[in-house]
Amino acid sequence: MYKLYWNPGSAAMAPQAILLEAGAKVEFILVDGDKGDLKKAEYLKLNPHARVPTLVYDDGQVMYESAAICQFLVERFPALKLAPAVGHADRARYLQWMAYLTNTVQEALMHWWHGENFIDGAAEQAKLKAKAELRLAKMWTFLDGELAAKGPHLCGDTFYACDYFLVMLVRWSRMTEKPGHLYPQLNALIRTTLASPAYAQMLKDQGIEQAV
C-alpha cells in the first residue's frame, strides 16, 4: 500500500502517473498549500521541507523528492519498463536526463515561480525571473534539438520515466514568455504522453490541463 501526498500541478504529477500506470494500491492525499496544509505539524513530520510529493510505503517508510520517488517506483515496478535496467544501453542517458531535469530545468523553473525563496526584494526577484526566462529558452531549444536528433523520446525509441518528468516540467512553463510546449519536438512528446491513459488520468484526477 502506498500513500502519495500531492497538490495540483506540482512535482507529484510524474510519480502519480507512474503509480497509476502500475495499477498500484495507493491512496492519493491532497495537501492544500492554500489552506496551509504544507506547514501543518502533521505533514512536516513526513516532509520537513513543506513540499510535495511525499511517498509513504511499506508500513510507514517515507521518502520525498520527485525524481527520487520516480526512480524508486520504476524499480519497484520493473514490468512497466519505465527505466532501462543496469547494463542496458539506454541506462547512462536515462540517468543523465533524470539528473539534468531535476537539477537544471526544475531549478530554473523554481527561480521563475518562486524567486522569493532565492533573493529578497521585488526588483531583484524580477531580475531573477527574467534571467530564468532566458535560461529556460536555451534549455527548451536544447531539449527540442535532442529530441529531433535522437528522439522521439529522450532516450530514443523507448518512453521512460524521464519523459514523464520532462512533460511535467514543460507544463510548469505554461505562463512563461515562450513555454516549452511551443517547441515542435517537445510538443510531439507531450502529445505522445497525453495518449498514455495513466498520464491522462493523473491530469483528470488533479483537475488540471496540459497545453499543446
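## Two helices and two pockets

Helix 1 and helix 8 sit oblique to each other, because oblique covers angles outside under 35 degrees (roughly parallel), over 145 (roughly antiparallel) and 65 to 115 (roughly perpendicular). This is a predicted model, where local features need pLDDT of at least 70, side-chain atom pairs count only at pLDDT 80 or more, and totals for chains, interfaces and linings use all residues. Residues are numbered from 1 along each chain as its sequence is written, and side-chain values use heavy atoms, leaving out hydrogens and water.

Let's start with the helices (DSSP runs of H or I, at least four residues, numbered from the N terminus). Helix 1 (residues 13–22) packs against helix 8 (residues 197–206) at about 120°, with the axes 8 Å apart; axes are lines fitted to C-alpha atoms over the stretch in contact, and angles run from 0 to 180 degrees between N-to-C directions. From helix 1, Met13, Gln16, Ala17, Leu20 and Glu21 meet helix 8 residues including Tyr199, Met202 and Leu203, with contact meaning heavy atoms within 4.5 Å.

Now the pockets (open sets of points on a 1 Å grid over the protein atoms alone, where a 1.4 Å probe fits, with protein on both sides within 12 Å along at least five of seven lines; lining residues have an atom within 4 Å of a point). Volume is the space filled by probe spheres set on the points, which are joined across faces, edges and corners.

| Pocket | Volume |
|---|---|
| Largest pocket | about 990 Å³ |
| Second largest pocket | about 180 Å³ |

The largest pocket has 31 lining residues, with Arg51, Val52, Met110, His114 and Trp172 nearest its centre. Helix 4 gives the most to that lining, six residues. Around the second largest pocket you'll find Asn7, Pro8 and Lys39, among others.
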